[in-house]
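Work through the exercises below with the model open beside you. Try each task before reading its solution.

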Amino acid sequence: MVRDRRRLLAWLLAGLVLAFVLALYDADRAGVSEPPSAGPCPDSALQCPGGGPRPGPGPTPTPSPSADPSADPSASGGPSPSAATAAPSGTPSPGTGTAPAGGPCSSPGACGFPDARTTGPRIALERHDTGNMSVKTDGMVIKGWDIRGSLDVYANDVTVIDSRITSANWWGINLRPGFSGLRVLHTTITAVPGKGPDNGGVDYAVSNMGGSSIEVGWCDISVFGNALSMGQGDLHDNYVHDIVPFRNQGGEWQHTDAVISGGGNKGRLTIRHNTLLNPVPVHQGASAAIGLFADTGTVSSVVVDGNWLAGGAYALYGGGPGATGIQVTDNVFSAEYHPNAGAYGLVAAWNAGGAGNVWRGNRTADGRPVVPEPSP
């Protein structure tokens with residue numbers, strides 16, 4: 001009888017201990033929630049869900065060759081690289097171009113303008129020593145490439161996305177006449193100072209020699225003297241900085257501009273929500289952050305909206321006496337290089353009386369309105 005009571009007491013004690021352990025386990029599960037599954041990180045994301053940076057995938061697969069570098073007499077002669085098979089998935093919507101209202105703006109990044117954090121490739125890159133490569137395949141997609149060389153595009157609807165170009169040619173990317181549809185997105189375009197063909201200099205990060213619009217967005221661009229050169233295009237959310245001065249083959253200081261248009265364009269040029277910095281001293285060739293010049297014809301149909309502008313002789317050249325359809329709205333003119341944004345002033349060559357010309361909402365980084373002086 002005593003033995004049975006002891007056995008029963010032991011079983012009861014064991015049951016109480018088990019119940020206590022289970023209660024502790026349930027309380028622990030109730031107090032700590034498991035993180036939800038984040039799912040795949042979208043290609044358009046600057047950061048993955050949860051706030052962490054995008055993970056870098058392995059090297060981009062490169063199937064069969066799809067471009068012919070031998071077509072360019074200056075090509076390297078190495079093996080022809082190939083396009084990644086995946087077409088670019090969605091990218092973030094372009095910036096609205098609306099500058100922060102009213103008050104002071106301390107720096108581009110602090111005030112919502114593009115900088116190194118929001119531009120350039122978002123994925124790991126695979127090195128491609130292409131040399132000066134000609135692209136001749138319509139619809140080619142170059143994605144995840146770390147290119148040592150340049151791209152000369154003789155094809156339609158070519159996309160360069162999430163890549164890096166380090167050029168020693170006249171350009172980083174050039175679209176040839178007769179071709180259209182070029183898109184350059186989330187790409188770093190730079191060069192090694194002193195290694196370019198123009199007496200050591202490099203001239204154009206992206207050049208549009210074609211007769212149609214191209215898109216350049218979320219790109220980190222540096223070194224090139226005239227970074228974005230075109231009469232028509234959609235330039236948005238780019239960061240142009242650290243332009244390097246050089247004497248050209250004629251022995252003169254090359255004129256430098258973050259964006260330059262020579263006039264005579266048939267289509268629209270839209271310059272929206274970019275950070276455009278030209279730190280070059282005037283005595284070494286600085287022209288503008290945005291230079292709309294009537295070098296090859298009348299300047300027309302240009303939108304300059306919601307950009308951060310600094311540097312140059314003048315931060316903005318507005319197209320000259322014959323310019324029409326020029327809309328300059330909600331831009332911020334910064335004194336980071338010169339007290340008046342440019343060495344000689346904020347804006348020059350603005351044709352206030354030109355048909356369709358609009359000047360509205362432009363201000364300095366410390367909040368003062370910018371009003372251009374009347375053209376002579």
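## Exercise 1: Glu215

**Task.** Place Glu215 in its strand, then describe its surroundings.

**Solution.**
1. Glu215 lies in strand E10, residues 215-217. Helices (H or I, at least four residues) and strands (E, at least two) are DSSP runs, numbered from the N terminus.
2. Glu215 is buried at 17% relative accessibility. Buried means under 20% relative accessible area, exposed over 50%, partly exposed in between (1.4 Å probe, protein chains only).
3. The Glu215 side chain makes a polar contact with the side chain of His236, at 2.7 Å. A polar contact is a pair of N or O atoms within 3.5 Å; within protein, one must be able to donate a hydrogen and the other to accept it, and residues adjacent in sequence count only if both atoms are side-chain atoms.
4. Leaving out residues up to four places away in sequence, Glu215 touches Leu182, Arg183, Val184, Leu185, Asp234 and His236. Contact means heavy atoms within 4.5 Å.

## Exercise 2: Ground rules and confidence

**Task.** State what kind of model this is, then find a stretch where the pLDDT is below 50.

**Solution.**
1. The model is predicted: local features need pLDDT of at least 70, side-chain atom pairs count only at pLDDT 80 or more, and totals for chains, interfaces and linings use all residues. Residues are numbered from 1 along each chain as its sequence is written, and side-chain values use heavy atoms, with hydrogens and water left out.
2. The mean pLDDT of the protein chain is 82, and 73% of its residues reach 70 or more. pLDDT is the predictor's confidence in each residue, from 0 to 100.
3. Residues 21-87 have pLDDT below 50. Beyond near neighbours in sequence, this stretch has 96 contacts in the model.
4. Where pLDDT is low, the predicted coordinates should not be read in detail.

## Exercise 3: The chain as a whole

**Task.** How many helices and strands are there in the protein chain? Add the burial and contact totals.

**Solution.**
1. The protein chain has one helix and 26 strands.
2. Of its 376 residues, 50% are buried.
3. Take the contacts with a separation of 6 or more: residues 24 or more positions apart account for 65% of them.

## Exercise 4: Cysteines

**Task.** Which cysteines does a disulfide join? Check the burial of each partner.

**Solution.**
1. A disulfide is a pair of cysteine sulfur atoms within 2.5 Å.
2. By this rule there is one disulfide. Cys105 is joined to Cys111, with S to S at 2.1 Å.
3. Cys105 is buried at 6% relative accessible area. Cys111 is buried too, at 17%.
4. Cys219 is also buried, at 0% relative accessibility.

## Exercise 5: Cores

**Task.** Which residues touch the most other members of the largest nonpolar core? Then follow Ile189 and Ile221 outward.

**Solution.**
1. A nonpolar core is a set of buried Ala, Val, Leu, Ile, Met, Phe, Trp, Tyr and Cys residues joined through side-chain atoms within 4.5 Å.
2. The largest one holds 57 residues; Leu151, Ile173, Ile189, Ile271, Leu276 and Ile290 touch the most other members.
3. A second, separate core has nine residues, including Cys105, Phe113, Tyr239 and Trp308.
4. Beyond four places in sequence, the residues that Ile189 touches include Val184, Asp220, Ile221 and Phe224.
5. Ile221 is found in strand E11 and is buried at 0%.
6. With the four-place cutoff, the partners of Ile221 include Ile189, Ala205, Tyr239 and His241.
7. Ile221 and Ala191 are 30 residues apart along the chain, and their C-alpha atoms are separated by 9.4 Å.

## Exercise 6: Positive phi

**Task.** Where are His186 and Val223 found, and are they buried or exposed?

**Solution.**
1. His186 is not a glycine, but its phi is positive, about 50°. His186 is in the loop between strand E7 (183-185) and strand E8 (188-191). Its relative accessibility is 0%, so His186 counts as buried.
2. Val223 also has a positive phi, about 75°, without being a glycine. Val223 belongs to strand E11, residues 220-223. Its relative accessible area is 9%, so Val223 is buried.

## Exercise 7: Two loop residues

**Task.** Where are Trp170 and Gly353 placed, and how accessible are they?

**Solution.**
1. Trp170 is in the loop between strand E5 (164-167) and strand E6 (171-175). Trp170 is partly exposed, at 30%.
2. Beyond four places in sequence, Trp170 touches residues including Pro197, Tyr204, Phe224 and Gln249.
3. Gly353 is in the loop between strand E24 (345-348) and strand E25 (358-360). Gly353 is exposed, at 70%.
4. The C-alpha atoms of Gly353 and Pro321 are separated by 8.7 Å, with their positions 32 residues apart along the chain.
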